[in-house]
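User: I am new to this structure and would like a close look at one part of it. Please choose a part where side chains meet, and take me through it slowly, in connected sentences.

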Amino acid sequence: MTQNTPLSPRLPRLPLHPEDVAHRVLSAAQLRARGVSAAQTSAQCLPGGPWQHLLPGVYLLHPGPPTGRERLHGALLYAGRPPSSARRATAGPADAGYGESMVTGVAALALYGFATAGDVEALHRIDVLVPRTRRLRSTRFVEVLRAASMPRAVRVGELPVAPVERALADAVAGTVDAACVRRLLTEAVRDGHCEPATVVRELSEAKLLGRPAVVGAVDSLLAEGRAVAEARLYAMVREHGLPEPLWNVELRLPGGPPLGGVDAYWPDQAVAVELDARAPRYGAPGRRGRAEEDPRWSAHAAKREHLERLGITVVHLSPRKLREAADQQATVVRTALMAAADREPAAYVMVLPR
């Protein structure tokens with residue numbers, strides 16, 4: 001041993017498992033719970049030592065560069081550490097140490113498998129959502145975002161992650177590239193991660209609908225959502241043995257004005273299906289509040305009432321229900337078709353392509 005060799009106090013035996021990220025990245029509180037003092041931790045993190053200081057109060061227990069998963073785990077440990085007034089409390093050895101924090105933004109979308117978000121290992125920044133009352137600074141690769149009301153976290157593996165729609169809103173908030181925003185929103189709907197209405201609602205609450213990069217992307221989002229919903233409707237009819245309807249037609253009284261378009265129509269039973277694939281309309285950008293009265297919704301309700309007065313049964317199907325319970329929606333349509341025999345004959349209407 002030379003004069004310059006650092007002294008490393010003997011450490012308690014730590015249950016290190018190379019395959020387990022949670023044992024390769026630990027907080028100061030977790031190390032204390034395992035019998036490692038602050039002095040011992042500091043000694044292990046000296047230049048050339050076996051450990052590294054990854055983030056304030058968070059340590060990497062090997063000398064090499066951190067993996068993407070280690071950075072995610074470390075970010076949650078940093079954001080989940082208790083306030084300084086409660087810092088003396090000792091975490092149990094099995095405590096994950098995340099508190100209320102959760103991964104959000106692009107990092108969360110990468111964990112959900114979004115191709116647009118890239119690979120977890122290539123992330124340069126990790127957004128972490130914490131309660132607004134937390135006094136915590138962003139540092140190194142961790143960006144701290146605050147929420148007045150925390151959403152319920154989704155577990156992806158062992159990590160708490162913000163729901164897709166919230167993660168999307170946080171990702172969009174940090175993106176000025178309109179093409180990137182469009183790709184993120186389109187992938188969310190096309191790959192079945194969430195429905196357009198929930199995305200638009202979250203964007204509205206985050207006061208993002210008025211951003212130039214978002215305005216055009218929302219139209220693409222709704223178009224993609226409608227295309228996906230139509231594909232699910234076609235699949236539901238064919239996979240559940242329903243009679244083949246007339247698809248995407250316009251109904252009209254002979255010599256009268258148009259009655260409006262429907263997504264599917266069974267003329268012999270006078271049953272129509274409409275997909276409710278629209279997004280709710282909200283107030284002006286930057287204002288949080290209840291949905292405003294939209295003339296399009298009023299016109300839609302009036303059309304349905306008119307058709308039903310003519311004896312046409314209108315079945316509304318939502319994209320979410322088609323995705324989550326197609327068998328139940330098929331039963332609803334089949335019941336309406338079977339009930340046609342017990343109803344008064346409907347008025348004659350012309351059926352035109354649209």
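Analyst: **Helix H7, helix H9 and the salt bridges**

Glu230 and Arg226 both belong to helix H9 (residues 212-239), where a separation of 4 residues corresponds to about one turn of the helix; helices here are DSSP runs of H or I with at least four residues, strands are runs of E with at least two, and both are numbered from the N terminus. This is a predicted model, in which local features need pLDDT of at least 70 and side-chain atom pairs count only at pLDDT 80 or more, whereas totals for chains, interfaces and linings use all residues. Residues are numbered from 1 along each chain as its sequence is written, and side-chain values use heavy atoms, with hydrogens and water left out.

The side chains of Glu230 and Arg226 form a salt bridge at 3.4 Å, N to O, the term meaning a side-chain nitrogen of Lys or Arg within 4 Å of a carboxyl oxygen of Asp or Glu. Arg226 counts as partly exposed because its relative accessibility is 26%, on a scale where buried is under 20% relative accessible area, exposed is over 50% and partly exposed is in between (1.4 Å probe, protein chains only).

Helix H9 is also one of the elements that the buried residues of helix H7 pack against, together with helix H5 (105-112), helix H6 (164-173) and helix H8 (196-205). Those buried residues of H7 are Cys180, Val181, Leu184, Leu185, Thr186, Glu187, Ala188 and Val189. H7 covers residues 178-190, and at 1.5 Å a residue its 13 residues should span 18 Å, which agrees with the 18 Å between its end C-alpha atoms; the expected span is 1.5 Å times one less than the number of residues. At the N-terminal end of H7, Asp177 acts as a cap, with a side-chain oxygen 3.0 Å from the backbone nitrogen of Ala179, and just after H7 comes Gly192, whose phi is positive at about 75°.

Within H7, Glu187 deserves its own paragraph. Glu187 is buried because its relative accessible area is 2%, and, leaving aside residues up to four places away in sequence, Glu187 touches Gly113, Phe114, Ala115, Thr116 and His193, a contact being heavy atoms within 4.5 Å. A polar atom of the Glu187 side chain lies 2.6 Å from the backbone nitrogen of Ala115. Glu187 and Glu224 stand 37 residues apart in sequence, while their C-alpha atoms are 8.9 Å apart in space.

The salt bridge in H9 can be set beside others, for the structure holds 14 salt bridges. In one of them Arg24 pairs with Glu70, the closest N and O atoms being 2.5 Å apart. This pair links distant parts of the chain, with Arg24 in helix H1 (residues 21-24) and Glu70 in helix H4 (residues 68-80), 46 residues apart, and both Arg24 and Glu70 are buried. Another salt bridge joins the side chains of Lys303 and Glu274 at 2.4 Å, N to O. Lys303 is in helix H10 (residues 295-309) and Glu274 is in strand E11 (residues 271-275), so this pair ties together parts that are 29 residues apart in sequence. Lys303 counts as buried at 17% relative accessibility, and Glu274 is buried too, with a relative accessible area of 3%. Finally, salt bridges that share partners bring Glu195, Arg232, Arg320, Arg323 and Glu324 into one network.

Conventions
A polar contact is a pair of N or O atoms within 3.5 Å; within protein, one must be able to donate a hydrogen and the other to accept it, and residues adjacent in sequence count only if both atoms are side-chain atoms.
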